[in-house]
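Here are a few exercises to work through with the model open beside you. Try each one yourself before reading the solution.

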Amino acid sequence: MPIERGDGVTIHYVGRFEDGSLFDTSRQEVARHEDLITAQGNQPADYAPLSFTVGRGDIIEGIEEALVGMEEGEERTIEVPPEKAYGEFEAEKVREYDPEAFEEMVGQEPEVGVHVEAKNELHGDVTAVRDDVVEVDFNHELAGRTLVFDIEVIDVR
């Protein structure tokens, strides 16, 4: 039976950028081959099939749309544009802070790569530190990117 909105599904996926570089996967063997397990400190248990209800908004829209009509055991490669994934990059989500104010708010010295969580629950990463300003990007790390997924439907409920 083809998948419909409201169905529970379990999938395996491999997510790559258009250039073929891997950014995420549920497949332990792919993670091991790409050195994600050791390089990022991840554990083998971090890689497992993903279960969710289609149409509930638990995953990106592009994957949900692609799953509708697929069947258990089916595999497909899909390309998901930014507007059906994590949105376009928005320049206004890159904010600048005074270094001293940043340190007071975050509780640590500004350093490129530091992840911050604002009181409004926005998450961001420090992208630049200069004498007079700390730049924090509150865009999702995958914003503005077209994503390519290999999907395998393992189970439909």
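**Exercise 1.** Leaving aside neighbours within four places in sequence, find which residues Asn-139 is in contact with, and decide whether Asn-139 is buried or exposed.

*Solution.* Start with the contacts, meaning heavy atoms within 4.5 Å. With neighbours within four places in sequence left aside, Asn-139 touches Glu-88, Phe-89, Glu-90, Lys-93 and Val-94. Next, zoom in on one of these: a polar atom of the Asn-139 side chain lies 2.9 Å from the backbone nitrogen of Glu-90. Then place Asn-139 in the fold: the residue lies in the loop between β8 and β9 (147–156), where strands are DSSP runs of E, at least two residues, numbered from the N terminus. Finally, accessibility: buried means under 20% relative accessible area, exposed over 50%, and partly exposed in between (1.4 Å probe, protein chains only). At 7%, Asn-139 counts as buried.

A word on the ground rules: this is a predicted model, so local features need pLDDT of at least 70 and side-chain atom pairs count only at pLDDT 80 or more, while totals for chains, interfaces and linings use all residues. Residues are numbered from 1 along each chain as its sequence is written, and side-chain values use heavy atoms, with hydrogens and water left out.

**Exercise 2.** Work out the strand order in the open sheet of four strands, and say which strands stand at the edges.

*Solution.* Two strands pair if DSSP finds at least two bridges between them. Following the pairs gives the order β5-β8-β7-β6, with antiparallel pairing. β5 (94–97) and β6 (115–117) each have a single partner strand, so they stand at the edges with one side lacking a neighbour in the sheet. Now look at β7 (residues 123–129) and β8 (residues 134–137): they pair over four bridges, and Val-126 stands opposite Val-136.

**Exercise 3.** Classify the ring pairs Tyr-13/Phe-149 and Phe-17/Phe-23.

*Solution.* Rings of Phe, Tyr and Trp (its six-membered ring) pair if their centres lie within 6.5 Å; planes under 30 degrees apart are stacked, over 60 edge-to-face, the rest tilted. The structure holds three aromatic pairs. For Tyr-13 and Phe-149, the centres are 6.5 Å apart and the planes at 65°, so this pair is edge-to-face. The pair links strand β1 to strand β9, 136 residues apart. Phe-17 and Phe-23 are tilted, at 5.0 Å centre to centre and 35° between planes. Put together, Tyr-13, Phe-17, Phe-23 and Phe-149 form one aromatic cluster.

Key:
Polar contact = N/O pair within 3.5 Å; in protein donor to acceptor, adjacent residues only side chain to side chain.
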